[in-house]
Amino acid sequence: MDGKTALVTGASRGIGLAIAQRLCEAGANVLLVSRKAEGLADAVASLHGLDGHASWAVAHVAKEEDAQRTVETCLERLGSLDVLVNNAGTNPYFGPMLEISPALLQKTYEINQASVVLWSQAAWRSAMAENGGVILNMASVGGLGPEPMIGWYDVTKAAIIHITKQLAYELGPTVRVNAIAPGLVKTELARALWEPGEEAIAARLPMRRLGVPDDIATASLFMVSDEASWITGQTLVVDGGTSNMASGGVSIT
Ligand SMILES: NC(=O)c1ccc[n+]([C@@H]2O[C@H](COP(=O)([O-])OP(=O)(O)OC[C@H]3O[C@@H](n4cnc5c(N)ncnc54)[C@H](OP(=O)(O)O)[C@@H]3O)[C@@H](O)[C@H]2O)c1
């Protein structure tokens, strides 16, 4: 990734920070993006000394003006935008989908789903239409089928899988667009899912452990690299085998 530039949303912690780290280790210059300056400053400090240069910008992924402004910041500061990682996501509701409020329907839709289109539009219009590039979207194994309690979140992740196919068609051949579908990864977002019964959940999985952010980051690095130059429109499942289980009893995200 030497000389490449990348913008990673939701990069102040968890999966996004691990992706930023892998990109920097591989020589890319990376702009880390999230809502809170404090977390971003700490995240960038943790990447100090790696091959690529890291810096940060505050943005809310659901805001169109933030997408445009942040892409411009990336171009001004880093000189180009080769890789966009649409990683930021949220899950503000836990319960039956039929009981979710209109406000939380909208919030989850805007942050998880519509943002993928808004940030891809900004990247395409300001940089990738002319120079090409790669987009990677963070879906979930929850987007592959129904599961208890996080149904609407899963709908937005299923949409990301389809948006990925659609954008791959619309932006090819100069821009590749792929997604990763993680299983349960030990981060803040998923804490309520894994903390109460980590050992019991892990025991039911083929790999007998939950994911860690770097499991997703290593796969992400491959997907955005030139090694994957004939892969587009795909969703790579990285879940320790979770989605192969027929039990239906494994709570995943
Ligand atoms: N962990 C899992 O088991 C799992 C499984 C499948 C898929 N995923 C997906 O992986 C992605 C990363 O999740 P994670 O588990 O790493 O979560 P996390 O550790 O909670 O990190 C979420 C990141 O997103 C940022 N963020 C949240 N809302 C934002 C917004 N509106 N605008 C900009 N940034 C925002 C947060 O920073 P600020 O608070 O500073 O904004 C933080 O950097 C998400 O799309 C998630 O759905 C996770």
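User: Why is methionine 149 called partly exposed?
Analyst: This is a predicted model, and the value is computed from it. The relative accessible area of methionine 149 is 35%. Buried means under 20%, and exposed means over 50%. The value for methionine 149 falls in between, so the residue is partly exposed.

User: Where does methionine 149 sit, and what is its phi?
Analyst: Methionine 149 belongs to the loop between β5 and α5. Its phi is positive, about 75 degrees, although the residue is not a glycine.

User: Why is arginine 208 classed as exposed?
Analyst: Its relative accessible area comes to 56%. The cut-off for exposed is over 50%. Arginine 208 therefore counts as exposed. Its place is the loop between α7 (198-203) and α8. Arginine 208 also has a positive phi, about 55 degrees, without being a glycine.

User: What makes α4 roughly parallel to α5?
Analyst: The angle between the axes. Helix α4 (residues 102-131) and helix α5 (residues 151-171) cross at roughly 15 degrees, and their axes come within 10 Å. Angles under 35 degrees count as roughly parallel, so α4 is roughly parallel to α5.

User: Which hand does the crossing of α4 and α5 have?
Analyst: The crossing of α4 and α5 is right-handed.

User: Which residues of α4 and α5 meet?
Analyst: From α4 they include Leu104, Leu105, Thr108, Tyr109, Val116 and Trp124. From α5 they include Trp152, Tyr153, Lys157, Ile160, Ile163 and Leu171. The contact of α4 with α5 divides into 13 nonpolar, five polar and one charged.

User: What follows α5, and how do you know which peptide bond there is cis?
Analyst: Omega for the bond joining glycine 172 and proline 173 is about 5 degrees, and the bond is cis. Proline 173 is placed in the loop between α5 and β6.

User: Why is α3 called oblique to α4?
Analyst: Helix α3 (residues 64-78) and α4 pack at an angle of about 40 degrees, their axes 9 Å apart. Roughly parallel needs an angle under 35 degrees, and roughly perpendicular runs from 65 to 115. The angle of α3 with α4 meets neither condition, so α3 is oblique to α4. The crossing of α3 and α4 is right-handed.

User: Which residues make the contact of α3 with α4?
Analyst: On α3, they include Glu64, Asp66, Ala67, Val71 and Leu75. On α4, they include Leu118, Trp119, Ala122, Ala123 and Ala127. By class, the contact has eight nonpolar, three polar and three charged residues.

User: How do you know that alanine 127 is buried?
Analyst: Its relative accessibility is 4%. Buried means under 20%, so alanine 127 qualifies. Alanine 127 is part of helix α4. Leaving aside neighbours within four places in sequence, its contacts are Leu75, Leu81 and Gly132. Alanine 127 and aspartate 82 are 45 residues apart along the chain, with 8.1 Å between their C-alpha atoms.

User: How do you know that the length of α8 agrees with its residue count?
Analyst: Helix α8 (residues 213-224) has 12 residues. At 1.5 Å a residue, it should span 16 Å, and the end C-alpha atoms are 17 Å apart, which agrees.

User: Which residues of α8 are buried, and what covers them?
Analyst: The buried residues are Pro213, Ile216, Ala217, Ala219, Ser220, Met223 and Val224. Their cover includes α1 (14-25), β4 (83-86), β5 (133-138), β6 (175-182) and β7 (235-238).

User: What makes valine 224 count as buried?
Analyst: A relative accessibility of 4%. The limit is under 20%, so valine 224 is buried. Valine 224 lies in α8. Beyond neighbours within four places in sequence, valine 224 touches Met1, Leu23, Val83, Val134, Leu136 and Arg176. Valine 224 and valine 134 are 90 residues apart along the chain, yet their C-alpha atoms are 6.0 Å apart.

User: Why is glycine 14 called partly exposed?
Analyst: Its relative accessible area is 26%. That is neither under 20% nor over 50%, so glycine 14 is partly exposed. Glycine 14 is in helix α1. Outside its neighbours within four places in sequence, glycine 14 contacts Thr187 and Pro213. Threonine 187 is 173 residues from glycine 14 in sequence and 5.4 Å away in space, C-alpha to C-alpha.

How values were computed: Residues are numbered from 1 along each chain as its sequence is written. This is a predicted model: local features need pLDDT of at least 70, side-chain atom pairs count only at pLDDT 80 or more; totals for chains, interfaces and linings use all residues. Side-chain values use heavy atoms; hydrogens and water are left out. Axes are lines fitted to C-alpha atoms, for helices over the stretch in contact, and angles run from 0 to 180 degrees between N-to-C directions. Helices (H or I, at least four residues) and strands (E, at least two) are DSSP runs, numbered from the N terminus. Angles under 35 degrees count as roughly parallel, over 145 as roughly antiparallel, 65 to 115 as roughly perpendicular and the rest as oblique. A crossing is left-handed if the near helix is turned anticlockwise from the far one by less than a right angle, and right-handed if clockwise. Contact means heavy atoms within 4.5 Å. Ala, Val, Leu, Ile, Met, Phe, Trp, Tyr, Cys and Pro count as nonpolar, Asp, Glu, Lys and Arg as charged, and the others, Gly among them, as polar. The expected span of a helix is 1.5 Å times one less than its number of residues. Buried means under 20% relative accessible area, exposed over 50%, partly exposed in between (1.4 Å probe, protein chains only).
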